Amino acid sequence: MGDGHNLVGKIAAMQDYALYRDLSWEGSFEEYLQLVRKQPQVTRNAFQRAYDMIIRYGTEEYTDNKKKLVRYNFFKDELNGGSDAIYGLDIPLMRLVHVLRAASEGYGPEKRVILLHGPVGSSKSTIARLMKKGIEHYSATQDGALYTFDWVNLDEVGMAGASESARFKCPMHEEPLRLIPPSWRDQAIKNLELSNPTFTVRVDGDLDPACRFIFNRLMEKYGGDWGKVMQHVRVRRLVLSEKDRVGIGTFQPKDEKNQDSTELTGDINYRKIAEYGSDSDPRAFNFDGEFNIANRGVVEFIEVLKLDVAFLYDLLGASQEHKIKPKKFAQTDIDEVIIGHTNEAEYKKLLSNEFMEALRDRTIKIDIPYITKVSEEIRIYEKDFNKEKIRGKHIAPHTLEVAAMWAVLTRLEDPKKHNLSLVQKMKLYDGKVLPGYTQDTVKELRKEAPREGMDGISPRYVQDKISNALVNDLGEGTINPFMVLSELEKGLRHHSLITHDEQRKRFGECIGMVKREYEEMVKNEVQRAISADEDAIQKLAANYIDSIKAYTLKEKVKDRFTREDVEPDERLMRSIEEKIDIPENRKDDFRREIMNYIGALAVDGKKFEWHTNDRLRRALELKLFEDQKDAIKLQSLVSSVIDKETQEKIDIIKTRMMKYFGYNEVSARDVLDYVASIYARGDTK
């Protein structure tokens, strides 16, 4: 038995008791005023909080193609281990934070619906979800504290309902300072010196109908003595929570026929009408529509443009006037950030519908495009497909990279000028350096394609296809780029979002481009693995240097075996020089250049190393590769009979592939087979 109690005790020990005490703080109106004096920020409105919350996580500045950008750490989602981290969208996120900032200063955007707009799967909902989770977490911190109030001891004044307790919670979690009547509120804030130099306390709006009703009845009861009314108020700390529907709302339109605006603004509670005797007694009304419960926080509208027209008026009033109109009650003030999101198709409909004119006028549209940088796109896939999450499966090098390359290529527009291929454009966007192109080129390319990233393939599609490749058992526990590319290609045949054959054809062509790119990458890796044979390359270098030395000094070379003097080996020298395209008529210059280089080193007392001269290094590597690649060619063609020596060579190369490039046994073998088959076909270039 003792053991069982122990486990509960262990869990109990994890509780942060001090935090719990803070979060359940309760006090009189007087104590709250003292608190505001110390920390006036507790009275911030929803936009101010949202902006402060994002800024609190810090920022980093960087330059991208001569453009100064700011990255907001908040969107890395470190709170939740990066599960909703957003990559590659720093520019749209800067616009979003900019809007929040202007709204928190009261410059206008606070009267608008923030509309995130973009293609499917471009992380619009993720941004909204981050905002909601962030606000929730922020309200439970010291910096993000906010307060609301309950009415207490209502039985003393005969205002408690029959079954009700003598306590009535403010249904819309109002800011307690709203209890000071508007006619003298500003004066009170000024006289009590609640503001400080860094923050000015400003509380707009009036109490919700239920609180106003109680307030007025108490004022009558006490003959207008406001001080006595305040004895019925207990202020308490408010923690926002989407699950408990406090301060965070989410609205998803159902189909047209059964949309009902009470979902947004609340509904009559028929059980309580009997108790209070009238359906226009606000205490017999549930203020539990999404707009009511999201007061002080955030409300998210999913697929906002599918809203029924009746709802639209609620939305417009909520954004423009910060008021909603519950059934049978006066306009009610709200304070919340309204975020909607919608995809391209729905937005196009909006443009053609004049009835939506009013909505268009009251939204701030922020485009959330797809990522057009391969390195950022890879990070999305690494989040789901990494060693921690995919146990027991090996993901061959470049697998996620080719998937990301393909996804990005489908989103790019063909470059109009600059003699660029689509693949080159993709590389430039990713910050690679291509000779003859500058950062200005990239700026121009971006300018000439303003809609780039609004079409193409979504990361979701790619993630699904990578998962497919992981579950089918072709790869002996590994998945490689070809498996993923073939899944991507197969899926195009019945992809619901591809509307015409033109597009399908284009996406197929992008697969071809990626395959060619991948071919180059692995050829290069295999070449480097083969020519990483230090001894062989050292010998080759020594022979070459001996020969060109003799050649330039017009001497002879001692043959290594016969020890006789022989002419320098012209064939050897040319076979190396040809690898880096040095024509016959320039060979003397190149040989002299190398000799001068060696001479210059000697003067400084340094010894010449073959790999310090870049051109020579590449030439030697390619020559060695040429000499040794037959070992692989053999293997792929007659894999059943391989002599021991060849097998050893192959094993050495495999080991290097694993050591230098992160392959495993299976994927290294596959790549060697593949590269061997390329050379067997004879396309040595």
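The legends below describe close-up views of a predicted model. Local features are given where pLDDT is at least 70 and side-chain atom pairs where it is 80 or more, while totals for chains, interfaces and linings use all residues. Residues are numbered from 1 along each chain as its sequence is written, and side-chain values use heavy atoms, with hydrogens and water left out.

**View 1. An open, antiparallel sheet of four strands, with helix α8 packed on it**. Helices (H or I, at least four residues) and strands (E, at least two residues) are DSSP runs numbered from the N terminus, and two strands pair if DSSP finds at least two bridges between them. The strand order is β1-β7-β5-β6, and the pairing is antiparallel. The edge strands are β1 (26–28) and β6 (168–169), each of which pairs on one side only. Helix α8 (residues 209–221) packs on this sheet and touches β5 (146–151) and β6, where contact means heavy atoms within 4.5 Å. The direction of α8 makes about 55 degrees with that of β5; axes are lines fitted to C-alpha atoms, for helices over the stretch in contact, and angles run from 0 to 180 degrees between N-to-C directions. Between β1 and β7 (residues 233–238), which run antiparallel, there are three bridges, and S28 stands opposite R234 in β7.

**View 2. The surroundings of R44 in the loop between α3 and α4**. This loop links α3 (29–38) and α4 (46–56). R44 counts as buried because its relative accessibility is 4%; buried means under 20% relative accessible area, exposed over 50%, and partly exposed in between, for a 1.4 Å probe and protein chains only. The side chain of R44 makes a polar contact with the side chain of Y138 at 3.0 Å, and a polar atom of the R44 side chain lies 2.9 Å from the backbone oxygen of Q41. A polar contact is a pair of N or O atoms within 3.5 Å; within protein, one must be able to donate a hydrogen and the other to accept it, and residues adjacent in sequence count only if both atoms are side-chain atoms. Leaving aside residues up to four places away in sequence, R44 touches R49, D52, Y138, D143, G144 and F199.

**View 3. An open, parallel sheet of five strands, with helices α6 and α13**. The strands follow the order β8-β11-β14-β4-β15, with parallel pairing. β8 (248–251) and β15 (363–367) stand at the edges with a single partner strand each, so one side of each is left without a neighbour in the sheet. From one strand to the next, the twist averages 20 degrees. Strand β4 (residues 113–118) pairs with β15 in the parallel sense over five bridges, and K365 in β15 is the bridge partner of L115. Helix α6 (residues 124–139) lies across β4, β8, β11 (298–301) and β14 (337–343), running at about 160 degrees to β14. Helix α13 (residues 309–320) also packs on the sheet, touching β4, β8, β11 and β14, and its direction makes about 135 degrees with that of β14.

**View 4. I135 in helix α6**. I135 is buried, with a relative accessible area of 4%. Not counting residues up to four places away in sequence, I135 touches R49, A50, M53, L240 and V298.

**View 5. The packing of helices α23 and α25**. Helix α23 (residues 534–552) packs against helix α25 (residues 587–603) at an angle of about 105 degrees, with the axes 10 Å apart. The two helices, α23 and α25, are therefore roughly perpendicular to each other; angles under 35 degrees count as roughly parallel, over 145 as roughly antiparallel, 65 to 115 as roughly perpendicular and the rest as oblique. On α23 the contact is made by Y544, I545, I548, K549, Y551 and T552, and on α25 by K587, D588, F590, R591, R592, I594, M595 and I598.

**View 6. The hairpin of β2 and β3**. Strand β2 (residues 59–64) and strand β3 (residues 67–72) pair in the antiparallel sense over six bridges, with Y62 opposite L69 in β3. Two residues lie between the strands, and N65 in the turn has a positive phi of about 45 degrees.

**View 7. Two loop residues with positive phi, H173 and D581**. H173, in the loop between β6 and α7 (182–191), has a phi near 50 degrees and counts as buried at 9% relative accessibility. D581, in the loop between α24 (570–577) and α25, has a phi near 55 degrees and is exposed, with a relative accessible area of 64%.
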